Amino acid sequence: MSRSSPDCLHLALGQHGWRLDGQKHSQHERWSAPSLDEALGTLVLPKGYHRLAVVLEHTFVRCLLISFPKAVRTTDERTVFQQTVFRDVHGIDPQAWQIATETALPGEPAFSAAIEHRALAALHKFAQAQKLKLVSVQPAFSACWNALHSEMGVAQGALAWLADGRVTLGLWQAGSWLALRTQALSCGDGVALGAMLRLLLASSAYTADTGVLYLAGEVGDMALTLPTGWTSNLLQLRKGSA
């Protein structure tokens with residue numbers, strides 16, 4: 001049974017608010033709760049659903065690409081390496097966060113995400129209290145990619161997910177991730193986004209002369225300054241596609 005089935009609720013949680021989508025429900029509100037536990041305590045979910053799929057913005061989850069050195073082979077070595085990278089890049093205490101890394105071909109970067117153990121526990125507690133089965137917890141960027149990558153008809157390009165005053169930008173070529181970066185971005189600041197894309201291109205192994213920048217999320221009215229040979233395409237995330 002997929003997450004798109006009629007009995008699944010889709011809950012997106014960000015720094016400033018939440019969005020809830022179901023077969024017969026669509027609701028979004030702002031919040032200012034200081035912790036995820038308190039924020040979840042303000043939610044009242046509709047009846048008639050059995051499963052819950054959650055999408056988290058950057059305030060609750062951290063993402064990066066990990067390239068494992070050849071010398072890192074065992075499960076324990078990979079765990080230590082992942083924890084070290086997340087600590088160095090995001091400044092988190094890796095013992096307090098759960099890290100999950102996708103499978104990738106040898107030598108290729110793998111998409112990895114981390115969520116605090118207490119945040120994950122709060123989500124499980126919330127789902128249990130609502131009598132729902134928690135079927136997935138995803139970063140917003142990966143949820144967007146999983147929902148829309150079939151609409152990206154090029155072999156190389158970039159995806160920008162914008163929400164909560166931040167952008168996560170991922171760059172790929174020939175089916176492999178090359179770079180991933182998250183940073184603050186003022187609403188509508190296409191100049192800064194263009195500069196960010198140029199930085200990823202210059203610091204990665206991207207070799208194509210052209211590309212498409214796909215935009216999704218809180219894009220707003222953005223005048224982009226793209227690298228030569230690049231075009232842009234605005235994508236709409238469908239309801240309940242988390």
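**Figure 1. Gln156 of strand β9 has Gln173 of β10 as its bridge partner.** The model shown here is predicted. Strand β10 covers residues 166–173 and runs antiparallel to β9, with eight bridges holding the pairing together on paper. Between the two strands sit just two residues, giving a hairpin. Look in that turn for Asp164, whose phi is positive at about 55°.

**Figure 2. On a second pairing, β9 runs parallel to strand β12.** Here the count is six bridges, and β12 takes in residues 211–217. A handy residue to zoom in on is Leu159, which stands opposite Tyr214 of β12. So what direction does each neighbour of β9 take? Strand β10 is antiparallel to β9, while β12 is parallel to it.

**Figure 3. Strand β9 is covered on both faces.** In a regular strand, side chains alternate between the two faces of the sheet. One side of β9 carries Gln156, Ala158, Ala160 and Leu162, and every one of these is buried. Flip to the other side and you meet Gly157, Leu159, Trp161 and Ala163, again all buried. Because eight of the eight residues in β9 (residues 156–163) are buried, the strand is largely enclosed by the rest of the structure. The cut-off for "buried" is under 20% relative accessible area.

**Figure 4. Helix α4 is mostly covered too.** This helix spans residues 140–148, and seven of its nine residues are buried. Which ones are they? The run Ala140, Phe141, Ser142, Ala143 and Cys144 is buried, and so are Ala147 and Leu148. An α-helix has 3.6 residues a turn, so residues three or four places apart point the same way. Keep that spacing in mind while scanning the buried set, which includes Ala140, Ala143, Cys144 and Ala147.

**Figure 5. Stepping back, here is the protein chain that frames these close-ups.** Five helices and 13 strands make up its list of elements. The C-alpha trace spans about 50 × 45 × 35 Å along its principal axes. Why call the fold compact? A compact globule of 242 residues would have a radius of gyration near 18 Å, and the chain has 18 Å, so the two agree. Buried residues make up 48% of the 242. Among contacts with a separation of 6 or more, 58% link residues 24 or more positions apart. The accessible surface is about 12,700 Å², and carbon and sulfur atoms own 50% of that. As for charge, there are 20 positive and 19 negative side chains, with the centres of the two sets 5 Å apart.

Key:
Residues are numbered from 1 along each chain as its sequence is written. This is a predicted model: local features need pLDDT of at least 70, side-chain atom pairs count only at pLDDT 80 or more; totals for chains, interfaces and linings use all residues. Side-chain values use heavy atoms; hydrogens and water are left out. Buried means under 20% relative accessible area, exposed over 50%, partly exposed in between (1.4 Å probe, protein chains only). Helices (H or I, at least four residues) and strands (E, at least two) are DSSP runs, numbered from the N terminus. The radius of gyration is taken over C-alpha atoms; the globule rule is 2.2 Å times the number of residues to the power 0.38. Contact means heavy atoms within 4.5 Å. Accessible areas come from the Shrake-Rupley method with a 1.4 Å probe; for residues, only the protein chains shown count as cover. Lys and Arg count as positive and Asp and Glu as negative; His and the chain ends are not counted. The place of a charge is taken as NZ of Lys, CZ of Arg, CG of Asp or CD of Glu. Two strands pair if DSSP finds at least two bridges between them.
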